[in-house]
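Let's take a walk through a protein chain together. Have a look at the fold before you read on, and keep it in view as we go.

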Amino acid sequence: APLASFALFHLVAVFPLSYNQLFTTESPVRFLLIEGLGALLFAVAILASGVLADKVGRRAVLGVSAALIGTFCFAPILLGFGQFGEGLYLLLGFVLLGLAFGQSAGAVNGSFRQQYRYTGAAIVSNSAWFIGAGFAPLVALWLTATFGLGTVGLYLLSGVICTLGALFFNREWGQRDQGSSEAPAATTSKTPGWRFRSRYCPSDSLTLMYVPGTVGLTAVTVT
């Protein structure tokens with residue numbers, strides 16, 4: 001599921017700087033300033049993705065964000081429309097990246113049982129970074145030099161297709177996600193304080209408890 005977001009990350013963070021250096025005479029400083037502003041929007045979008053996931057479910061957020069990234073595959077053309085187009089491309093790209101990236105990590109971790117979770121998530125995440133993002137700047141530059149900016153989105157579109165395909169075929173995780181979203185987000189206890197359980201963790205989730213008057217977590221249980 002994270003494949004499209006990882007590819008988008010490099011196409012809005014790395015590729016524009018390379019394009020600026022190789023195909024324009026402008027200073028890279030302006031791109032870096034815009035990317036700094038985009039990073040702030042990226043952080044806000046990550047928080048927004050969590051709020052949306054609480055309301056409609058993580059699977060829906062990932063699916064819609066992947067579809068929006070698919071429409072964004074036409075956006076690289078904006079880099080050829082001067083400073084306004086470049087700024088619009090970068091800022092929109094970082095917002096979409098935050099919406100998709102915010103739920104990608106939880107989607108990968110929640111797809112594995114507890115005994116395979118760390119190994120499985122590491123393999124999937126690293127493979128997605130390597131395949132989906134590692135070659136993105138190089139392929140994007142080659143497409144730009146050979147066929148023009150309009151073809152850069154083809155690489156991004158391939159990641160979107162893979163992401164939507166993974167969400168479609170992974171029905172078991174979708175059913176588990178839907179079932180867990182119906183569970184209450186918080187549980188009560190006779191012990192003073194509060195307990196918290198993530199609604200998007202599987203049945204073998206981690207429950208944290210904090211008791212007032214103490215420092216840190218006083219109990220950690222796996223249920």
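The chain is built from nine helices and three strands. Start at the N terminus and you meet them in the order α-α-α-α-α-α-α-α-α-β-β-β. Keep in mind that this is a predicted model, so how confident is the predictor in the chain? The mean pLDDT of the chain is 74, and 70% of its residues reach 70 or more.

That confidence is spread unevenly. Helix α3 has the highest mean in the chain, at 91, while strand β3 (residues 219–222) has the lowest, at 43. Over residues 180–198, pLDDT stays under 50, and the model has 34 contacts beyond four places in sequence for that stretch. Residues 200–223 also stay under 50, with 59 contacts of that kind in the model. Where pLDDT is low, the predicted coordinates should not be read in detail.

**The chain as a whole**

How much of the chain is buried? Of its 223 residues, 39% are. The chain exposes about 12000 Å², and 70% of that comes from carbon and sulfur atoms. Now think about who touches whom: among contacts with a separation of 6 or more, 64% are between residues 24 or more positions apart.

**Helix α3**

Let's zoom in on α3, which covers residues 28–56. This helix has 29 residues and reaches 40 Å from its first C-alpha to its last, close to the 42 Å expected at 1.5 Å a residue. Right after α3 comes G57, whose phi is positive, near 100 degrees.

Which residues of α3 are buried? They are F31, I34, E35, G38, F42, A45, S49 and A53. S49 is a good one to click on, since its relative accessible area is 0%. Apart from neighbours within four places in sequence, S49 is in contact with V61, G98, L99, G102 and Q103.

Next along in α3 is G50. At 22% relative accessibility, G50 counts as partly exposed, because buried means under 20%. The C-alpha atoms of G50 and G102 are separated by 7.0 Å, though these residues are 52 residues apart along the chain.

I34 gives you another such link: I34 and L88 are 54 residues apart in sequence and 9.5 Å apart in space, C-alpha to C-alpha. L88 lies in helix α5 and is partly exposed, at 32% relative accessibility.

**Aromatic rings**

The structure holds five aromatic pairs. A pair of aromatic rings is described by the distance of the centres and the angle of the planes. Here are two of the pairs:

| Pair | Centre to centre | Angle between planes | Type |
|---|---|---|---|
| F42 and F101 | 5.9 Å | 45 degrees | tilted |
| W142 and F147 | 5.6 Å | 80 degrees | edge-to-face |

Why is the F42 and F101 pair called tilted? Their planes are at 45 degrees, and the tilted class takes angles that are neither under 30 degrees (stacked) nor over 60 (edge-to-face). F42 sits in α3 and F101 in α5 (residues 82–109), so this pair ties together parts that are 59 residues apart in sequence. F42 counts as buried, at 18% relative accessibility, whereas F101 is partly exposed, at 31%.

In the edge-to-face pair, is F147 buried or exposed? F147 is exposed, with a relative accessible area of 53%. Elsewhere, F15, Y19 and F23 form one aromatic cluster.

**The nonpolar core**

In soluble globular proteins, nonpolar side chains tend to be buried together. The largest nonpolar core here has 30 residues, and L8, L11, F15, I69, F72, Y89 and L156 touch the most other members. Which elements give two or more residues to this core? They are α1 (3–13), α2 (15–23), α3, α5, α7 (136–147) and α8 (153–169).

F15 turns up twice in this story: in the aromatic cluster with Y19 and F23, and in the list of core residues that touch the most other members. I69 is worth a look too. Not counting residues up to four places away in sequence, I69 touches A4, S5, L8, L96, A100, L156 and V160. Two names among those, L8 and L156, are in that core list along with I69.

Key
Residues numbered from 1 in each chain as written. Heavy atoms only, no water. Phe/Tyr/Trp six-rings, centres within 6.5 Å; stacked < 30°, edge-to-face > 60°. Helix = DSSP H or I, 4+ residues; strand = E, 2+ residues; numbered from the N terminus. Buried < 20%, exposed > 50% of the residue type's maximum accessible area, 1.4 Å probe, protein only. Expected span 1.5 Å × (residues − 1). Core = buried A, V, L, I, M, F, W, Y, C linked by side-chain atoms within 4.5 Å. Contact = heavy atoms within 4.5 Å. Areas by Shrake-Rupley, 256 points an atom, 1.4 Å probe, with all protein chains shown as cover. pLDDT = per-residue confidence, 0-100.
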